[in-house]
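Work through the exercises below with the sequence and the model at hand. Each task is followed by a solution in steps.

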Amino acid sequence: MSRPLVLMPGPMNRSVQEGLAEGFEVIRLWEAENPDALLAERARDIVGAAVGGTTVDAAFLDQFPKLQIVSSFGVGYDKIDATAAAERGVVVTNTPGVLDDEVADTALGLLLMTARELPQAERYLRAGKWHERPYPLTPATLKGRRMGILGLGRIGEAIAHRAAAFGISVAYHNRRRKDVDFPYYESLVELARDVDILTIVIPGGDGTRQLVNAEVLAALGPDGILINVARGTVVDEAALVDALRSRTILAAGLDVFEHEPDVHPGLLELDNAVLLPHVGSASVPTRDAMGRLVVENLVSWFGTGVPVTPVQESADLVRRLGG
């Protein structure tokens, strides 16, 4: 019996490549001498795709008439048109849950680094300045602070519980209220006005593009700290640079950027911005777990017709197909 043919457009975590090797025939497109010729020859046989960062739009989907599933590496899937996929009968899956703690830890790490100026203090020590005088007292502390979470999903809740352990009170803004003990705000601006830490944990895409704009930053105020471990597109970066320069807000801790790996040059010049190269889930154990879930979605789909973690846009399709 032939094995399902899965397309892997670009290099992926070793756990994906090793996990697919036994049960699937895999096209490693980046290794092909002539990718276009290979696709022209095999496109009609491809029934699955394993992707990580590949743009999957209508044009991509239409190349593969027998495609059944796109298994994506990562929680965010803003590069995948899941609606267009569902219209073509293609299920999309992602890898939620297995990276929640890692990203939440990164968010709290950014908060500590930003509020207490830890990167600046380390640079001060490395430069030998401690011999001259102690590092200046930091103007900010975490004591008594209030955090607003934009996007109280799995990761947002993990951040909320960590923040509570630090003695930080938590409120949130979502598209809809959740059954949780944290106060809910229908307005993002009102949330920003009532807190002094704003932590972003919502998906990217057109619906959230530059949602955190100059008005939101002004509402956050001069003691405010912005933390973003979601997508850089959620923040108006030009407005953020202006807010940091003018001290409209106190500081920002960012793991994601609007045009990464390019970073707004204004952010690179600012000492009140802590910048990380999108490392929120970047540990070997977590990335391996994400890779295994990519494989599990493909194995489950072709074995039972039911994916493990379909995205929201695929839920109705899975039900219609009997899952």
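**Exercise 1. Burial and overall dimensions**

Task: Determine what share of the residues is buried, and decide whether the radius of gyration agrees or disagrees with that of a compact globule.

Solution. Buried residues make up 50% of the 323 residues in this predicted model. The accessible surface comes to about 15,900 Å², and carbon and sulfur atoms hold 50% of that area. For the second part, take the chain length: a compact globule of 323 residues would have a radius of gyration near 20 Å. The protein has 22 Å, so the value agrees with the rule. The C-alpha trace spans about 70 × 45 × 30 Å along the principal axes.

**Exercise 2. Secondary structure, contacts and charges**

Task: Count the helices and strands, give the share of contacts made by residues 24 or more positions apart, and state how far apart the mean positions of the positive and negative charges are.

Solution. There are 13 helices and 11 strands. Taking the contacts with a separation of 6 or more, 58% are between residues 24 or more positions apart. The charges number 31 positive and 43 negative, and their mean positions are 3 Å apart.

**Exercise 3. The nonpolar cores**

Task: Find the largest nonpolar core and the residues with the most contacts inside it, then identify which helix gives the most to it.

Solution. Start with the size: the largest nonpolar core has 50 residues. The residues with the most contacts inside this core are Val16, Leu20, Ala50, Leu111, Met147, Ile149 and Ile159. Helix H5, residues 100-115, gives the most to this core, with seven residues. Another core, of 32 residues, lies apart from it and includes Leu150, Tyr185, Val195 and Val234.

Next, examine two of the residues with the most contacts. Beyond four places in sequence, alanine 50 is in contact with ten residues' worth of neighbours listed here: Val6, Leu7, Met8, Pro9, Met12, Val16, Leu20, Ser71, Val294 and Leu298. Isoleucine 159 is in helix H7, residues 154-165. Its relative accessible area is 0%, so isoleucine 159 is buried. Outside the four places on either side in sequence, isoleucine 159 is in contact with Ala104, Ala107, Leu108, Met147, Ile149, Thr199, Val201 and Val229.

**Exercise 4. Contacts across the sequence**

Task: For valine 92, glycine 266 and threonine 55, state where each lies, classify its exposure, and list its contacts beyond four places in sequence.

Solution.

- Valine 92 lies in strand S5, residues 91-93. With a relative accessible area of 0%, valine 92 is buried. Valine 92 touches Val70, Ile80, Ala82, Ala85, Thr309, Pro310, Val311 and Ser314. Valine 92 and threonine 309 are 217 residues apart along the chain, yet their C-alpha atoms are separated by 8.6 Å.
- Glycine 266 lies in helix H11. Its relative accessibility is 3%, under the 20% limit, and glycine 266 therefore counts as buried. Glycine 266 touches Val241 and Arg245. From glycine 266 to aspartate 242, 24 residues away in sequence, the C-alpha distance is 8.6 Å.
- Threonine 55 is in the loop between strand S3 (46-51) and helix H3 (58-61). A relative accessible area of 46% makes threonine 55 partly exposed. Threonine 55 touches Phe60 and Lys79. The C-alpha atoms of threonine 55 and lysine 79 are separated by 4.9 Å, with their positions 24 residues apart along the chain.

**Exercise 5. Backbone exceptions**

Task: Which residues does a cis peptide bond join, and where are glutamate 117 and arginine 247, which have a positive phi, found?

Solution. Begin with the expectation: most residues other than glycine have a negative phi, and most peptide bonds are trans. Three places depart from this pattern.

1. A cis peptide bond joins glutamate 260 and proline 261, with omega about 10°. Proline 261 lies in the loop between strand S10 (251-254) and helix H11 (265-269).
2. Glutamate 117 has a positive phi of about 55° and is not a glycine. Glutamate 117 is in the loop between H5 and helix H6 (118-126), and is partly exposed at 21% relative accessibility.
3. Arginine 247 has a positive phi of about 60°, again without being a glycine. Its loop runs between helix H10 (237-245) and S10, and at 49% relative accessibility arginine 247 is partly exposed.

Terms used. Residues are numbered from 1 along each chain as its sequence is written. This is a predicted model: local features need pLDDT of at least 70, side-chain atom pairs count only at pLDDT 80 or more; totals for chains, interfaces and linings use all residues. Side-chain values use heavy atoms; hydrogens and water are left out. A nonpolar core is a set of buried Ala, Val, Leu, Ile, Met, Phe, Trp, Tyr and Cys residues joined through side-chain atoms within 4.5 Å. Buried means under 20% relative accessible area, exposed over 50%, partly exposed in between (1.4 Å probe, protein chains only). Helices (H or I, at least four residues) and strands (E, at least two) are DSSP runs, numbered from the N terminus. Contact means heavy atoms within 4.5 Å. The radius of gyration is taken over C-alpha atoms; the globule rule is 2.2 Å times the number of residues to the power 0.38. Accessible areas come from the Shrake-Rupley method with a 1.4 Å probe; for residues, only the protein chains shown count as cover. Lys and Arg count as positive and Asp and Glu as negative; His and the chain ends are not counted. The place of a charge is taken as NZ of Lys, CZ of Arg, CG of Asp or CD of Glu.
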